[in-house]
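Visitor: I have a two-chain model open and would like to talk it through. Could you walk me around it?

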Amino acid sequence: MSGEAYWLPVIFVVLMGVAILIYAVLDGFDLGVGVLLPMGKPEYRNIMIASIGPFWDANETWLVLAVGLLLIAFPSAHSAVLGYLYLPAFFLLFGLILRGVAFDFRAKAHADYQNRWDRCFKAGSIIASMAQGYMLGIYVTGFSGGVLAIGFGLLSAVCVTAAYAFIGACWLILKSEGDVQRWAAKRAKLTAILMIIGVMVVSGVNPLMSTEVFDKWFSLPQAFLLLLIPLLCAILFVTLFMYLRHFPYNNDFGHWVPFSCAVGVFILCFLALAYSYFPYIVPGKLSIWDAASAPESLRFILYGAAVVLPSIMAYTIFMYRIFRGKAQALSYY
Amino acid sequence: MLDVFMLSRIQFAANITFHILFPTITIALCWLLLFFKLRYDRTGNTAWMAAYRFWVKIFALSFALGVVSGITMSFQFGTNWPGYMETVGNIAGPLLGYEVLTAFFLEATFLGIMLYGSNRVSNRLHTVATALVAVGTSLSAFWILALNSWMQTPAGFEMRDGVAYPLDWVAIIFNPSMPYRVTHVLLASGLTAAFLVAGISAYRLLKGDSSSEVQLTLKTGAYLAAILIPIQIFVGDIHGLNTLKHQPAKVAAMEGVWHTETAVPLQLFALPNEKTQTNDYSISIPRGASWILTHHGDGEIQGLNEFAGEHPPVMPVFWGFRIMVGVGLLMLLVSWSCSLQLWRRGKIAPLWQRALVAMTFSGWLATLAGWYVTEIGRQPFLVYGLLKTADAVTSTASGNVLFTAITYVLLYIVLIVAFLHTLFYLARKAVSNDLEPLATTAKEAKL
């Protein structure tokens, strides 16, 4: 295989990977804020939701892009993956629907209903995060099925939810002040510990699931280079805990540190997973070349993507700049 | 017992029925918001800004409901209709991809600025953000309708080993039914938003809110409806002729023509009977259908008998069409009468205000009826003449699909109720806000 029949699927799997990574970071923090939403502290909730208000909708669009790219570039993998994951995909969507609408209803419905919609927002965020984690777990086991895989899926569900709550707490440290910020710092510590456990378990199970993955990680000489991934991960977590130990600081010193560490950890975890499975799109079953659509279709969408994706990046950054700084109560119109 | 096929169809129908309600509002409502904003920028009249602030809330709510139900559909192609992407993925994929790339990000990103950015960006940038969201929603409609039209009238491709490969993207996007369908749906959105705005404004007026904001939005809605409805009737007619040319079975079902004949009557009322292949209890106008479809009283129309085993179920298509046309004629009557009163006397009589309130969701009804005609009318095909719906369905266990179908339907019912409840709650709240200053002045006058 050579030429564009080789390269187009590679380009598209990279694009899809980038979309998934951006999704995990961006929707990760707003799902996480939803997971953390304290029902007992109504005064925190408005500021927490204000901190994600202008962003959540665009963040979720990265999921549409990721699924869209899977569907465009690898249609048979799209059908296979979603066929295996019929019920978890349903729970993911159910959660996303619930939280998406609750977000808007809470601000517009009668004040008596606000608590109820906030509860829906929290529940929806938890359901969506757990469903994503479960799907990741089942994917890692190569859709092998059985009790063990389901157990692993459930563990992964808890860990991904913890990871989202962690990046959500870090986002709140960045975007809030005073009581909310101190509260978020405590949550960040707790969820970081959960996430570390999760990352270690997944890293342990992942190579045991297939000899191919095992060989990729533990054969020399690349093993030395790959050692960098867990090493960097450890450095980021240590930095985080050292920073949080003396929190809060004067003048909000380094309020961006936890979120940066969280993004770094997300990138490293993503790289590790991507390295484990490339070039498979369905682990052990379907490679990107088996599943790719016709080159004439990929070429047509690639021209557009080359023009449009950079402008999407540009106006996304522009939007984050407009809403930089601490979140204020939302003035709605 | 329903099988996976029927359950998947019910689930997808429920999903798309729920979904289409909201884009139908937001596509046109966003252009109306831009209009309100531009009027405010031009005249400085704060009533226009008040109108913007009220309607942007309803826009945001509708938008959120549209987004979350739209995401669900992009998953359901894979979960319930794997055969669809496996057969025509090479065509459908890029069209959906362009929708995400050119429309979804644009609207979702600038929506944030539109909703929450007015104290962070200049007034001009806020107007630009509103315009970009409007462009985004319309672009989204363009791409998805290009794909839907391609499924009705496929063009610009070839089949190799049972898989469609693109030959000519211009022919694929601008397929034979696409220009008509896009125009028809965009006008439907305009009418839906116009009647929604007019209806809610009339509701506020009847509740005693006579602020200049309500007067302006009432006028905007009524006039817009009055302008769009004759255009829509004209476009609908040529869209029907286009369908006659490319999908004669659909038109035969719409008109209840069982056997090919000349001088076909127009059925005003009938119960199509699939068993006897006749129309029971028929009330009809002689030669009417021939006049409408061939513009000639003796014109010949192909009957359903020529598509034995491959024609759509007649009853829903037949009645969907009649409901759509009936609502369209009511729209014409109400919007013209109200506009005439506004133009002559500057106000609408209370009875006609109530008629506007009753017509608040007429756009939804007509859009759904029309959508059912076109989608059920395509059956038994998913892609007309190319892929049967039954051949695309998932092999997932029917218990799974039963569970998800029931949950989706229940969720959608709850959300529709919550939406309507919130819509009228917002309207009543706006009324009491507008009345409060008056009450205060009255109190002060007493003191």
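Guide: What follows goes through the two chains, their contact, the core and a few backbone details. This is a predicted model, in which local features need pLDDT of at least 70 and side-chain atom pairs count only at pLDDT 80 or more, while totals for chains, interfaces and linings use all residues. Residues are numbered from 1 along each chain as its sequence is written, and chains are lettered from A and ligands numbered from 1 in the order in which they are written.

Visitor: Okay, how many helices and strands are there in chain A?

Guide: Chain A has 14 helices and two strands, where helices (H or I, at least four residues) and strands (E, at least two) are DSSP runs numbered from the N terminus. Its C-alpha trace spans about 60 × 40 × 40 Å along the principal axes.

Visitor: And what radius of gyration does chain A have?

Guide: Chain A has 20 Å, which agrees with the value near 20 Å for a compact globule with 333 residues; the radius is taken over C-alpha atoms, and the globule rule is 2.2 Å times the number of residues to the power 0.38. Buried residues make up 50% of the 333 residues in chain A, a residue being buried if 20 or more other C-beta atoms lie within 10 Å of its own, exposed if 12 or fewer, and partly exposed in between, with C-beta atoms placed from the backbone.

Visitor: Switching to chain B, how many helices and strands does it have?

Guide: Chain B has 13 helices and eight strands. The radius of gyration of chain B is 24 Å, close to the 22 Å that the globule rule gives for 447 residues, so chain B is as compact as a globular protein of that length. Its C-alpha trace spans about 80 × 50 × 45 Å along the principal axes, and 53% of the 447 residues count as buried.

Visitor: How many residues of chain B are in contact with chain A?

Guide: There are 58 residues of chain B in contact with 54 residues of chain A, two residues being in contact if their C-beta atoms, placed from the backbone, lie within 7 Å. On the chain B side, α3(B) gives the most, with 22 residues. By class, that side has 33 nonpolar, 21 polar and four charged residues; Ala, Val, Leu, Ile, Met, Phe, Trp, Tyr, Cys and Pro count as nonpolar, Asp, Glu, Lys and Arg as charged, and the others, Gly among them, as polar.

Visitor: How do helix α14 of chain A and helix α3 of chain B cross?

Guide: The axes of α14 (residues 295–322) of chain A and α3 (residues 82–116) of chain B come within 10 Å and cross at roughly 10 degrees. That makes α14(A) roughly parallel to α3(B). Axes here are lines fitted to C-alpha atoms, for helices over the stretch in contact, and angles run from 0 to 180 degrees between N-to-C directions; those under 35 degrees count as roughly parallel, over 145 as roughly antiparallel, 65 to 115 as roughly perpendicular and the rest as oblique.

Visitor: Which residues meet there?

Guide: Among them are A:Gly304, A:Val308 and A:Tyr315 in α14(A), and B:Gly97, B:Leu101 and B:Phe105 in α3(B). The contact of these two helices has 13 nonpolar, nine polar and no charged residues.

Visitor: What about the largest nonpolar core?

Guide: The largest nonpolar core has 256 residues, and those with the most contacts inside it include A:Phe166, A:Ile167 and B:Trp55; such a core is a set of buried Ala, Val, Leu, Ile, Met, Phe, Trp, Tyr and Cys residues joined through C-beta atoms within 7 Å. α3(B) gives the most to this core, with 21 residues. Not counting residues up to four places away in sequence, A:Phe166 touches residues including A:Gly32, A:Ala188 and A:Met195.

Visitor: Is A:Asp27 buried or exposed?

Guide: A:Asp27, in helix α1 of chain A, is buried, with 26 other C-beta atoms within 10 Å. Leaving out residues up to four places away in sequence, A:Asp27 touches A:Asn59, A:Glu60, A:Trp62 and A:Leu63.

Visitor: Last topic: which residues does a cis peptide bond join?

Guide: One joins A:Phe278 and A:Pro279, with omega about 5 degrees, and A:Pro279 is in the loop between α12 (257–277) and β1 (280–282) of chain A. Another joins B:Gln379 and B:Pro380, also with omega about 5 degrees. Most peptide bonds are trans.
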